[in-house]
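Please open the structure in your viewer and keep the selection tool at hand, since each stop on this tour begins with something to select.

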Amino acid sequence: MSVAVPVQARFNPPKGLARRVLPGFLTLIAMVLILVICGMIQPRIWSQNGLTLIMSPIVALAIASMAQMVMMSIGDIDLGIGFFVGMVTTIVATLLRETPLLGVLALAGSVLAYALLGALVQLRSVPSLIATLGASFIWLGMGLFVLPVPGGMAPDWLFKYAFWKPPLSIPAPVITMLAATALTWFVTRRTGLGVRFRSLGSNPVALTRSGGSLVVTRMLAYATVGLLGVLAGITLTAEIGGGDVNAVPGYTLTTVAAVILGGGMFTGGRAVAWGTLAGAVTLGLLTVLLTLLSLSSNIQPAVQGFIVIAVLAGRLVVERMTR
């Protein structure tokens with residue numbers, strides 16, 4: 001004999017899930033609305049070439065935002081991700097093109113440096129803000145040492161990727177962003193490593209009692225951030241065709257905004273990969289929309305800030321409704 005389940009109980013999601021999902025869902029709606037408005041202003045956007053054109057500059061931002069999301073899931077913030085991505089472009093445009101083995105070793109060393117930075121934060125109790133801010137000057141100096149002025153050239157295989165046209169009229173940047181998001185989601189939500197990351201950010205005492213090492217976990221988290229930063233730098237090199245350590249210093253705060261828009265928190269313990277992707281794409285599309293509206297570049301940052309604040313205000317309302 002079957003037991004009748006009240007309709008309200010069947011459709012009411014758990015409040016914890018609602019608090020985690022709804023902010024990202026709100027940002028996703030904002031992203032779709034902005035994309036629709038852009039398409040209404042310029043219908044050519046609704047083509048493979050049009051979507052590729054507006055999405056290409058957002059790929060590196062989306063992957064860098066994934067890196068910031070991992071960092072914020074453990075309760076830290078990375079203030080050096082912008083210069084790190086810029087430094088990677090200088091390595092890719094010079095060493096990786098001319099001496100591939102040396103270039104791969106340099107990129108692997110960059111990831112190792114990030115892991116050691118995590119050990120410094122954990123062992124010496126150095127605030128992540130201070131450690132990553134100091135590291136940003138190291139990334140800047142290394143980038144200027146490798147390539148003092150913007151230049152170099154992306155490897156041939158990166159040029160082939162930049163001009164790749166997938167079948168079924170699917171824009172290549174969309175495939176790259178979805179693949180990076182799926183991989184990050186799998187690691188952070190479906191593996192024991194992701195559980196350890198979130199535990200370090202929300203309840204490090206419980207992580208220690210369960211036998212986990214705080215040092216090893218933070219080093220692995222920082223290494224993951226470094227790996228995603230390298231991927232962001234490679235895709236950025238494909239976009240700009242060369243290297244420039246000062247290419248994207250604004251990524252530092254933009255990636256933080258993308259994570260918050262996507263449902264992340266400053267206090268750690270939460271990682272919403274698809275929400276972070278929606279946040280990054282929304283921020284990227286805002287620039288496209290304001291350009292299509294012929295808005296002066298002098299006032300664009302103020303308008304972008306107003307829209308971001310409006311979306312965040314909407315998120316606060318949603319979170320209060322789900323309590």
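Begin by selecting F84, which is buried, with a relative accessible area of 0%. As you look at this residue, keep in mind that the model is a predicted one. Next, add Y114 to the selection, which is likewise buried, its relative accessible area being 0%.

A search of the whole structure finds four aromatic pairs, and the two residues you have selected form one of them. The ring centres of F84 and Y114 are 4.7 Å apart and their planes stand at 85 degrees, and because planes over 60 degrees apart count as edge-to-face, this pair is edge-to-face. If you now colour the helices, you will find F84 in helix 4 (residues 81-93) and Y114 in helix 6 (residues 100-123), so the pair ties together parts that are 30 residues apart in sequence.

Keep Y114 and select W139 as well; both Y114 and W139 are buried. Are their rings stacked or edge-to-face? The centres of the rings of Y114 and W139 are 5.5 Å apart and the planes meet at 15 degrees, so this pair is stacked. Since Y114 belongs to helix 6 and W139 to helix 7 (residues 128-146), the pair ties together parts that are 25 residues apart in sequence. Finally, add Y222 to the selection, and you will have the cluster that ring pairs make by linking F84, Y114, W139 and Y222.

While helix 6 is still on the screen, select A106, which also has its place in this helix. A106 is partly exposed, with a relative accessible area of 23%. Leaving aside residues up to four places away in sequence, A106 touches I91 and L95. You may also draw a distance from A106 to V92, which are 14 residues apart in sequence and 9.4 Å apart in space, C-alpha to C-alpha.

Now move to helix 9 and select residues 172-190, a run of 19 residues that should span 27 Å at 1.5 Å a residue; the end C-alpha atoms are 26 Å apart, which agrees. Within helix 9, show the side chains of A172, P173, T176, M177, A180, T181, T184 and T188, which are buried. They cover an arc of only 165 degrees around the axis, which puts them on the same side of helix 9. Turn the view to the face that points away from this buried side, and you will meet the exposed residues L183 and R190.

What do the buried residues of helix 9 pack against? Their partners are helix 3 (48-73), helix 8 (156-162), helix 10 (192-202), helix 12 (214-240) and helix 14 (273-292).

Of these partners, select helix 10 together with helix 9: the two pack at an angle of about 70 degrees, with their axes 5 Å apart. That angle makes helix 9 roughly perpendicular to helix 10. The contact is made by V187, T188 and R189 of helix 9 and by L193, G194, V195 and R198 of helix 10.

Keep helix 10 and bring in helix 12, whose axis comes within 10 Å of that of helix 10 and crosses at roughly 110 degrees. Helix 10 is therefore roughly perpendicular to helix 12. The residues in contact are L193, R196, F197 and L200 of helix 10, with L214, V216, T217, R218, L220, A221 and T224 of helix 12.

For the last stop, select T217, which sits in helix 12 and counts as buried at 0% relative accessibility. Not counting residues up to four places away in sequence, T217 touches R196, F197, L200 and L207.

Technical notes
Residues numbered from 1 in each chain as written. Predicted model: local features only at pLDDT ≥ 70, side-chain atom pairs only at ≥ 80, totals over all residues. Heavy atoms only, no water. Helix = DSSP H or I, 4+ residues; strand = E, 2+ residues; numbered from the N terminus. Expected span 1.5 Å × (residues − 1). Buried < 20%, exposed > 50% of the residue type's maximum accessible area, 1.4 Å probe, protein only. Arc of directions from axis to C-beta. Contact = heavy atoms within 4.5 Å. Phe/Tyr/Trp six-rings, centres within 6.5 Å; stacked < 30°, edge-to-face > 60°. Axes fitted to C-alpha atoms, helices over the stretch in contact; angles between N-to-C directions. Parallel < 35°, antiparallel > 145°, perpendicular 65-115°, else oblique.
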